[in-house]
Amino acid sequence: MIDLFGKKAKINEQRETNKKFLMYEFVIVYIALFSFLVLIFAAAYAVQSIVWQTAMITIAVAELIVACAFGIKIEAETGFYECGKCGHRHVPTYSSVLWAPHMGRTRYMRCPNCEEKSWQKKRLTEKED
Ligand SMILES: [Zn+2]
């Protein structure tokens with residue numbers, strides 16, 4: 001009985017930690033997207049100098065690439081992906097998350113267990129959700 005509660009507490013802790021990391025990812029990527037758009041529109045409409053326009057667009061693209069790279073890293077390493085075919089939950093590699101087509105957090109990837117490709121949903125815990 002005590003062990004069961006310990007296990008339950010551990011699963012809850014894992015869920016809360018993963019939820020927190022996915023929230024960090026959301027904040028990082030959306031702030032970067034917002035500042036990207038502000039810089040691009042400012043470069044297009046508010047600035048006349050080609051030197052400043054080039055600098056602003058370069059900074060906008062660079063910060064978005066860095067934020068997305070970190071966002072994908074957080075996305076890949078936080079929680080698990082559940083195979084749509086066999087239900088196996090796994091932590092995918094960075095490159096499979098990077099190149100997988102996705103809708104929100106659901107990604108089309110190959111399962112390491114059954115080797116089939118399917119739409120895999122993000123799960124916060126390894127066993128239950
Ligand atoms: Zn599978």
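Here's a quick briefing on the fold, the core, the two domains and a few individual residues.

This is a predicted model, so-called local details included only where confidence allows. The protein has three helices and five strands, and in sequence order they run α-α-β-β-α-β-β-β. With a radius of gyration of 19 Å, well over the 14 Å that the globule rule gives for 129 residues, the protein is more spread out than a compact globule.**Overall shape and packing**

- Taken along the principal axes, the box filled by the C-alpha atoms comes to roughly 70 × 35 × 15 Å.
- Just 14% of the 129 residues count as buried.
- Take the contacts between residues at least 6 apart in sequence: 57% of them join residues at least 24 apart.

**Two domains**

- The protein splits into domain 1, residues 1-78, and domain 2, residues 79-129.
- Between the C-alpha centres of domain 1 and domain 2 there are 20 Å.
- Where the two touch, domain 1 puts in eleven residues and domain 2 puts in nine.
- On the domain 1 side of that contact, helix 1 and helix 2 each supply at least two residues.
- By class, that side of domain 1 has five charged residues, three polar and three nonpolar.

**Helix 2**

- Helix 2 covers residues 50-77, which is 28 residues. At 1.5 Å a residue it should span 40 Å, and its end C-alpha atoms sit 41 Å apart, so the two values agree.
- Its buried residues are Met56, Ala60, Gly71 and Glu75.
- After helix 2 comes Gly79, with a positive phi near 70 degrees.

**The largest nonpolar core**

- Five residues make up the largest nonpolar core: Phe36, Leu39, Ala43, Met56 and Ala60.
- Helix 1 and helix 2 are the elements that give two or more residues to this core.
- Helix 1 provides the largest share, three residues.
- Two of the core members, Met56 and Ala60, also appear among the buried residues of helix 2.

**Leu39, a core residue in helix 1**

- Leu39 belongs to helix 1 and is one of the five core residues.
- Leu39 counts as buried because 20 other C-beta atoms lie within 10 Å, and 20 or more is what the label takes.
- Setting aside residues up to four places away in sequence, Leu39 touches Met56, Ile59 and Ala60. Of these partners, Met56 and Ala60 are in the core as well.
- Leu39 and Gly87 are 48 residues apart in sequence, and their C-alpha atoms are 43 Å apart in space.

**Phe34, an exposed residue in helix 1**

- Phe34 is found in helix 1, which runs over residues 2-46.
- Phe34 has 10 C-beta neighbours inside 10 Å, so it counts as exposed, the cut-off being 12 or fewer.
- Along the sequence Phe34 and Ala60 are 26 residues apart, while C-alpha to C-alpha they are 9.9 Å apart.

**The loop between strand 4 and strand 5**

- Strand 4 takes in 106-110 and strand 5 takes in 117-123. The loop between them holds Glu115 and also Cys111.
- Cys111 is buried, since 21 other C-beta atoms lie within 10 Å.
- Leaving out neighbours within four places in sequence, Cys111 contacts Cys83, Lys85, Cys86, His88, Glu116 and Ser118.
- Cys111 and Ala42 are 69 residues apart along the chain, and 44 Å separates their C-alpha atoms.
- Glu115, by contrast, counts as exposed because it has 10 C-beta neighbours inside 10 Å.
- Glu115 also has a positive phi, near 65 degrees, in a residue other than glycine.

Key:
Residues numbered from 1 in each chain as written. Predicted model: local features only at pLDDT ≥ 70, side-chain atom pairs only at ≥ 80, totals over all residues. Helix = DSSP H or I, 4+ residues; strand = E, 2+ residues; numbered from the N terminus. Expected span 1.5 Å × (residues − 1). Rg over C-alpha atoms; globule rule 2.2 N^0.38 Å. Contact = placed C-beta atoms within 7 Å. Core = buried A, V, L, I, M, F, W, Y, C linked by C-beta atoms within 7 Å. Domains from an automatic or database assignment. Nonpolar A, V, L, I, M, F, W, Y, C, P; charged D, E, K, R; others polar.
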